[in-house]
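Student: I would like to go through this model by asking, for each descriptive term, what justifies its use. Could we take the terms one at a time?

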Amino acid sequence: MRNFGIILAHTYKNRLISKAFLISTAITLAFMLVLTNMDRIFMMFEEDAESRAVEVALVEEGSELYEPLNEQLMQHEDRIQLTRTSLSEEEALEAVSSGDFGAALVVNRDSAGEIQATYYSDSLTQQFTPIQLQNALQHIKETEATQELGLSGEVLADIYSPITFETSTVSDTARTESELNQARSIVYVLLFVIYFSVLIFGNMIATEIATEKSSRVMEILVSSASPVAQMFGKIVGIGLLALTQYGLIFLVVILSSLAGAEQAEGGLSMLQALFSEDIPLDLIGFAVLFFVLGYLLYATLAATLGSLVSRIEDVNQVIGPMNLLVIVAFFIAMFGLNAPESSFITITSFIPFFSPMIMFLRVGMLSIPLWELLLSIGLLLASIGLLATIGARIFKGGVLLYGKSSALKDIGRALRMTRK
């Protein structure tokens, strides 16, 4: 047990102060800061755009739409300034090109009296002004049409008023629409957490073992600690490293969200909008459970595979099948977000290498029988135990294998060396 603690602390400390971990953590924290403040960043861009009002030259060819159009645009007067001109279309285009106007709107009516308009600008990247002009002209057309039909504003409002349409369920255990939206968000986040955790930290475990083998440190470790203590010391050590990184990310997100709420003047930050309802504690509990079980399953597999290689260059080749399993599970789960009740999702939720993602998806989105949940967790625990038992035996002999790696052949060699 003492050797296990030493290996755990050594693995955790060395990885914690490594440049790769520090740089990746800094980049991740910066990304999360940007993500959690995305609404304020967009607001800054919008405020910057609002400070530069666009002066639009109106060229009318017998349409006489300046007054109603200007009235419609009054709510956007700080961003759109409509100016009536006596310029021709060609002269207005030259004025836009020379910078006298920000844009030009040429409006006329066809023989049937229908409004026709063309918007000219030196750049079409800014879509706010043309969209608002189009909406204003559309509203003018609708107003003229209702006047011709003799419809009052009250009648028109009644026609366009939306119907009352609500969704409900006859089951007492089914989640409401708001609960489903919240559960879908939490499931979506956890799927990415499991996906990246396995890919990043699983590869880290295999690389750690391969590095020690290539430097011959493994031979010293084998003589001072049991292979099982080495294996699980590295698994738990890298797991604590992952929790440290996620803890920092969570702390930054919370502090950034609280700071955003103070500056929002009554508005909701992104995190508050996500968790505006009461957070279902059972779902959070299942998230932690399936994350831990999924990590243990894949980390044990990664440690076993990492013990078979003696060069760091061979790690990606050996670990590739495990990464493929994670990718397949992730894409199945992405499909399952839109079809959680499908038979395919139900079946794959009992496959141990898929269940950390897919069974959690079903738990979050559906009301499943207790026996299904217990069966999936039981199969997952049994798989972890079986893989740990076999993996420890392979690890015991695999750490002493050197030379060119061939995963399937090396498993047999490792088991034979363990018996010796």
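Tutor: We can, bearing in mind that this is a predicted model. Let us begin with helix α5, residues 89–98, which lies across β1, β3 (103–109) and β4 and runs at about 165 degrees to β3.

Student: What makes α5 roughly antiparallel to β3, given an angle of about 165 degrees?

Tutor: The angle of α5 to β3 is about 165 degrees, and angles over 145 count as roughly antiparallel, so the term applies. Helix α6, residues 128–149, lies across β1, β2, β3 and β4, and runs at about 170 degrees to β4; that value is also over 145, so α6 is roughly antiparallel to β4.

Student: Which strands form the sheet, and what makes β2 and β4 its edge strands?

Tutor: Four strands form an open sheet in the order β2-β1-β3-β4, with mixed pairing. The strands β2 (80–84) and β4 (115–121) are called edge strands because each pairs on one side only. Neighbouring strands of this sheet are turned by 25 degrees against each other on average, with direction ignored.

Student: How do you know that β1 and β2 count as paired?

Tutor: Pairing requires at least two bridges, and β1 (residues 54–61) is joined to β2 over five bridges in the parallel sense, so the criterion is met. One of the bridge partnerships links V56 with L82, the latter in β2.

Student: Returning to α5, which of its residues are buried, and why are they said to lie on the same side?

Tutor: A92, A95 and V96 are buried in α5. They cover an arc of only 100 degrees around the axis, which is why they are placed on the same side of α5. The buried residues of α5 pack against β1, β3 and β4, whereas E90, E94, S97 and S98 are exposed on the other side of the helix. After α5 comes G99, with a positive phi near 90 degrees.

Student: Why are α12 and α15 described as roughly antiparallel?

Tutor: The axes of α12 (residues 281–306) and α15 (residues 355–365) come within 9 Å and cross at roughly 170 degrees. Since angles over 145 count as roughly antiparallel, that crossing makes α12 roughly antiparallel to α15. The contact is made by L283, F286, A287, F290 and G294 of α12, together with S355, P356, M359, F360, V363 and G364 of α15. By class, the residues of this contact divide into eight nonpolar, three polar and no charged.

Definitions and conventions:
Residues are numbered from 1 along each chain as its sequence is written. This is a predicted model: local features need pLDDT of at least 70, side-chain atom pairs count only at pLDDT 80 or more; totals for chains, interfaces and linings use all residues. Side-chain values use heavy atoms; hydrogens and water are left out. Helices (H or I, at least four residues) and strands (E, at least two) are DSSP runs, numbered from the N terminus. Axes are lines fitted to C-alpha atoms, for helices over the stretch in contact, and angles run from 0 to 180 degrees between N-to-C directions. Contact means heavy atoms within 4.5 Å. Angles under 35 degrees count as roughly parallel, over 145 as roughly antiparallel, 65 to 115 as roughly perpendicular and the rest as oblique. Ala, Val, Leu, Ile, Met, Phe, Trp, Tyr, Cys and Pro count as nonpolar, Asp, Glu, Lys and Arg as charged, and the others, Gly among them, as polar. Buried means under 20% relative accessible area, exposed over 50%, partly exposed in between (1.4 Å probe, protein chains only). The arc is that of the directions from the helix axis to the C-beta atoms.
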